[in-house]
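Reader: I would love a close look at one small part of this protein, with a little context around it. Could you walk me through it?

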Amino acid sequence: MFDRNGIRQKIAPSKHSYITAYLKGWLHRDCCYDCKFTGIPRVADCTIGDFWGIIDGKVQFSGDKSCGVSVILSNNDKGRKLLELIRDRTYLESKTIEDAIIDNHNIITPDRRPEQRDYIYDDLINLESSEFIKKYKLHLPIPSRLFLIKKSIYKVYKRIFK
């Protein structure tokens, strides 16, 4: 990548690069594509993860989403008792398993093994980080002007009405 003056610039890997590659299923161990722990009924007392459906606005939620939202599945009586113990220490909303599965397919099925998984580690080892990020489009997108304006308005709104 080159800057405005034609000087070669390196693109440093970022947290965003890693998360993007992870969410695409490129970085999983091979056993993850055949995980025995996905599915209903669950094996653990509780299952905890990100509630992507709420974070992405696909599931109604009355609480504050600014720090993220977790899904907690109580999978048996022991799990339900554990949730009861924390009920007055946190904000909880009941949702259906169908709501939890939205954008959380790993609850019921493992990731499918993407084609890139066959060669991504070779590229990771052999390419410079900037080339790797560019090849797999893992760089941070430039936010639109409208997005930045909305974000600024939201920050002001939060300060006024908090």
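Which residue's side chain is joined to that of R117 by a polar contact?

Author: Happy to help, and please keep in mind that this is a predicted model. The partner is Y33: a polar contact of 3.5 Å joins its side chain to that of R117.

Let's place the arginine in the chain. R117 sits in the loop that runs between helix 4 (97-101) and helix 5 (120-126). Leaving out residues up to four places away in sequence, R117 touches W26, H28, R29, D30 and Y33. One of these, D30, is also the nearest side chain of opposite charge, 4.1 Å away. R117 has no salt bridge, although it is buried. The reason D30 does not count is the cut-off, because a salt bridge needs the side-chain nitrogen within 4 Å of a carboxyl oxygen.

Now for the wider setting. The protein has seven helices and two strands, and along the sequence they follow the pattern α-β-α-β-α-α-α-α-α. Of its 162 residues, 22% count as buried. Among contacts between residues at least 6 apart in sequence, 67% join residues at least 24 apart.

For the outside of the protein, look at L23, which lies in helix 1 (residues 15-23). L23 is exposed, with a relative accessible area of 53%. Together with Y18, I19 and Y22, L23 makes a nonpolar surface patch of about 410 Å². The protein as a whole exposes about 12600 Å², and carbon and sulfur atoms supply 56% of that area.

How values were computed
Residues are numbered from 1 along each chain as its sequence is written. This is a predicted model: local features need pLDDT of at least 70, side-chain atom pairs count only at pLDDT 80 or more; totals for chains, interfaces and linings use all residues. Side-chain values use heavy atoms; hydrogens and water are left out. Helices (H or I, at least four residues) and strands (E, at least two) are DSSP runs, numbered from the N terminus. Buried means under 20% relative accessible area, exposed over 50%, partly exposed in between (1.4 Å probe, protein chains only). Lys and Arg count as positive and Asp and Glu as negative; His and the chain ends are not counted. A polar contact is a pair of N or O atoms within 3.5 Å; within protein, one must be able to donate a hydrogen and the other to accept it, and residues adjacent in sequence count only if both atoms are side-chain atoms. Contact means heavy atoms within 4.5 Å. Patches are made of residues with over 30% relative accessible area and no salt bridge: like charges are joined within 9 Å, nonpolar side chains (Val, Leu, Ile, Met, Phe, Trp, Tyr) within 5 Å. Accessible areas come from the Shrake-Rupley method with a 1.4 Å probe; for residues, only the protein chains shown count as cover.
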